[in-house]
Amino acid sequence: MEREKALEVVKKQLTEHRYQHTLGVMETAIELSERFNADVKKAETAAIFHDYAKFRPKDEMKQIIIDQHMPSDLLIHNTELWHAPVGAYLVKTEVGIEDEEILDAIRFHTSGREEMTQLEKVIFVADYIEPGRHFPGVEEGRELAKQDLNDALIYALRNTIMFLAKKNHAIYPDTLRTYNFLIFEKMGEF
Ligand code: DGI
Ligand code: FE
Ligand code: FE
């Protein structure tokens, strides 16, 4: 889908603030794809649609998780996790995007997963470091992403895990699995 058309479609689903975030993720994802050899066009499309389901009513998302046999452990965890897999489903059924690599990048953009593709990593990191993000540590994430995509990803995961743990929130198992996988993989490098 052409960029202008895709942006027009997603804009209707988002607040102005979330739309500006989406533009930031798009620009960052294109940059990272060029730097780390992911498919630039797929990254653009995945970035544009990554938060497509962000403002769907919780009961609609819950029903989709149940009906589409998505992992049921999602239902006991933070509802903020739901828009990623539900977004992949809706982007396929409502927008008509069929490319499974793009849909997986949307599906795993919040939790991550073991053995992420380059495209999935690019979207995850771009979501974390886009220019509109302002939180302590974001600048270090941006610096790491200039050199090493895995290091930026580990950093984003570690910060998210620590942020949730400090607030006494549960950590979704896939988030921890992603972190552990990357750490073991990195240890294997030495
Ligand atoms: O949709 P965005 O705000 O752009 O970013 P996102 O898709 O990464 O969602 C971030 C939210 O998801 C944030 O409020 C924390 C929450 N979250 C991410 N990972 C986990 C999580 N919540 C729990 N409980 N466990 C997680 O592992
Ligand atoms: Fe998101
Ligand atoms: Fe986002």
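## Getting to know the ligand 1 pocket and the iron site

In this predicted model, α2 (16–36) and α9 (149–166) each give at least two residues to the shell around ligand 1.

**Exercise 1.** Work out where ligand 1 sits and which residues come nearest to it.

*Solution.* Start with the place: ligand 1 sits in the largest pocket. Next, look at the 18 residues around ligand 1: Arg18, Lys54, Thr110, Arg133 and Thr175 come nearest. Finally, sort the shell by character, and you get five nonpolar, seven polar and six charged residues.

**Exercise 2.** Find polar contacts of ligand 1, then say how much of its area the protein covers.

*Solution.* Take the oxygen atoms of ligand 1 to begin with. A polar side-chain atom of arginine 18 is 2.8 Å from an oxygen atom of ligand 1, and one of histidine 109 is 3.0 Å from an oxygen atom of the ligand. Now try nitrogen: a polar backbone atom of alanine 170 lies 3.0 Å from a nitrogen atom of ligand 1. As for cover, ligand 1 on its own has 570 Å² of accessible area, and the protein covers 84% of that.

**Exercise 3.** List the protein donors of the iron ion (ligand 3) and place them along the chain.

*Solution.* First, the donors: His21 (NE2), His50 (NE2), Asp51 (OD) and Asp127 (OD) lie 2.2 to 2.3 Å from the iron ion (ligand 3). Along the chain, their spacing reads H-x28-H-D-x75-D. Histidine 50 is in the loop between α3 (40–49) and α4 (58–67), while aspartate 127 is in helix α7 (residues 118–129), so this pair ties together parts 77 residues apart in sequence. Last step: aspartate 51 bridges the iron ion (ligand 3) and the iron ion (ligand 2), which are 3.5 Å apart.

Note on methods. Residues numbered from 1 in each chain as written. Chains lettered and ligands numbered in written order. Predicted model: local features only at pLDDT ≥ 70, side-chain atom pairs only at ≥ 80, totals over all residues. Heavy atoms only, no water. Near = heavy atom within 4 Å. Polar contact = N/O pair within 3.5 Å; in protein donor to acceptor, adjacent residues only side chain to side chain. Areas by Shrake-Rupley, 256 points an atom, 1.4 Å probe, with all protein chains shown as cover. 1 Å grid on protein atoms, 1.4 Å probe; cavity = no way out; pocket = protein on both sides within 12 Å on 5 of 7 lines; lining within 4 Å. Sits in = over half its atoms within 2 Å of the grid points. Helix = DSSP H or I, 4+ residues; strand = E, 2+ residues; numbered from the N terminus. Nonpolar A, V, L, I, M, F, W, Y, C, P; charged D, E, K, R; others polar. Donors = N, O, S within 2.8 Å, 3.2 Å for Na, K, Ca; no water.
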